[in-house]
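The following numbered points are offered as a colleague's note for a first-year student. Please read them with the sequence and the structure open.

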Amino acid sequence: MDYEKLKEFRNTSPGFIRQIGLLITHIEDGAAEGRLVLTKDHSNPIGSIHGGLLFTVSDTVGGVTASSKGRMVTTVNASISYLRAGKVGDELIVKGKVVKSGKLLCVVQIDVYNQNNVQLTTSVITYHFLSKEMDVDELIKNLQE
């Protein structure tokens with residue numbers, strides 16, 4: 001698996017994730033990391049960062065982590081605990097690691113920290129493998145068409 005190409009694919013794919021500004025910064029076998037600087041566009045009516053945004057970045061980095069096993073995935077189950085609020089101006093560091101990878105399912109733990117290493121959330125998300133093997137070159141080619 002070419003992790004640099006997988007990172008390129010994830011960072012250049014159009015859609016919601018690109019709109020919120022999440023950047024995948026590292027991928028290796030069984031682990032991934034992403035970063036996002038929080039703006040007021042990420043906040044909720046009470047001024048802290050929206051919980052849905054925190055879940056979204058967790059699910060995204062978790063999916064990238066599971067995909068590091070060489071297969072596309074979809075989320076089948078998720079649990080998140082919100083430990084502290086994120087604030088406008090914070091930089092999120094989102095870290096995923098595979099807990100268990102089987103034939104059909106992959107369980108990933110995802111932790112979100114701010115730039116001061118204060119943990120904001122912890123999640124456990126289960127992904128279903130969709131294909132036998134992912135062809136990252138083909139995925140990138142399809143983006144360019």
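1. Asn117 lies in the loop between S5 and S6. In this predicted model, its phi is near 65°, a positive value in a residue other than glycine. For background, most residues other than glycine have a negative phi. Is Asn117 buried or exposed? Its relative accessibility is 57%, and a residue over 50% is classed as exposed, so Asn117 counts as exposed.

2. The loop belongs to a hairpin: S5 and S6 have 5 residues between them, and Asn117, with its positive phi, is found in this hairpin. The strands S5 and S6 run antiparallel and are joined by 9 bridges. One pair may be located as an example: Val108 has Ile125 in S6 as its bridge partner.

3. On its other side, S6 should be examined together with S3. These two strands pair in the antiparallel sense, over 9 bridges. Here Ile80 has Ser123 of S6 as its bridge partner. As a general reminder, strands of a sheet pair through backbone hydrogen bonds, either parallel or antiparallel.

4. In what order do the strands of the open sheet lie? The order is S1-S2-S4-S5-S6-S3, with antiparallel pairing among the 6 strands. Strand S1 (23-28) and strand S3 (73-82) form the edges, since each of them pairs on one side only. From one strand to the next, the twist averages 20°.

5. At the edge formed by S1, the neighbour is strand S2, residues 31-37, and the two pair in the antiparallel sense over 5 bridges. Leu23 may serve as a reference point, with Arg35 in S2 as its bridge partner.

6. Helix H3, residues 51-67, lies across the strands S1, S2, S3, S4 (91-101), S5 (105-113) and S6 (119-129). Its direction is at about 135° to that of S3.

7. Helix H4, residues 136-144, deserves attention for its buried residues, namely Val136, Leu139 and Ile140. Why do they lie on the same side of H4? They cover an arc of only 95° around the axis, which puts them on the same side of the helix. The general geometry is instructive: an α-helix has 3.6 residues a turn, so residues three or four places apart point the same way. The buried residues of H4 pack against helix H1 (3-12).

8. The start of H4 shows a further detail. There, a side-chain oxygen of Asp135 comes within 3.2 Å of the backbone nitrogen of Asp137.

9. Turning to the whole protein, there are 4 helices and 6 strands. Read from the N terminus, the elements follow the pattern α-α-β-β-α-β-β-β-β-α. The radius of gyration is 15 Å, close to the 15 Å given by the globule rule for 145 residues, so the protein is as compact as a globular protein of that length. The C-alpha trace spans about 45 × 35 × 25 Å along its principal axes.

10. Two overall percentages complete the note. Of the 145 residues in the protein, 41% are buried. Among contacts between residues at least 6 apart in sequence, 64% join residues at least 24 apart.

How values were computed
Residues numbered from 1 in each chain as written. Predicted model: local features only at pLDDT ≥ 70, side-chain atom pairs only at ≥ 80, totals over all residues. Heavy atoms only, no water. Pairing = 2+ DSSP bridges. Axes fitted to C-alpha atoms, helices over the stretch in contact; angles between N-to-C directions. Contact = heavy atoms within 4.5 Å. Buried < 20%, exposed > 50% of the residue type's maximum accessible area, 1.4 Å probe, protein only. Arc of directions from axis to C-beta. Polar contact = N/O pair within 3.5 Å; in protein donor to acceptor, adjacent residues only side chain to side chain. Rg over C-alpha atoms; globule rule 2.2 N^0.38 Å.
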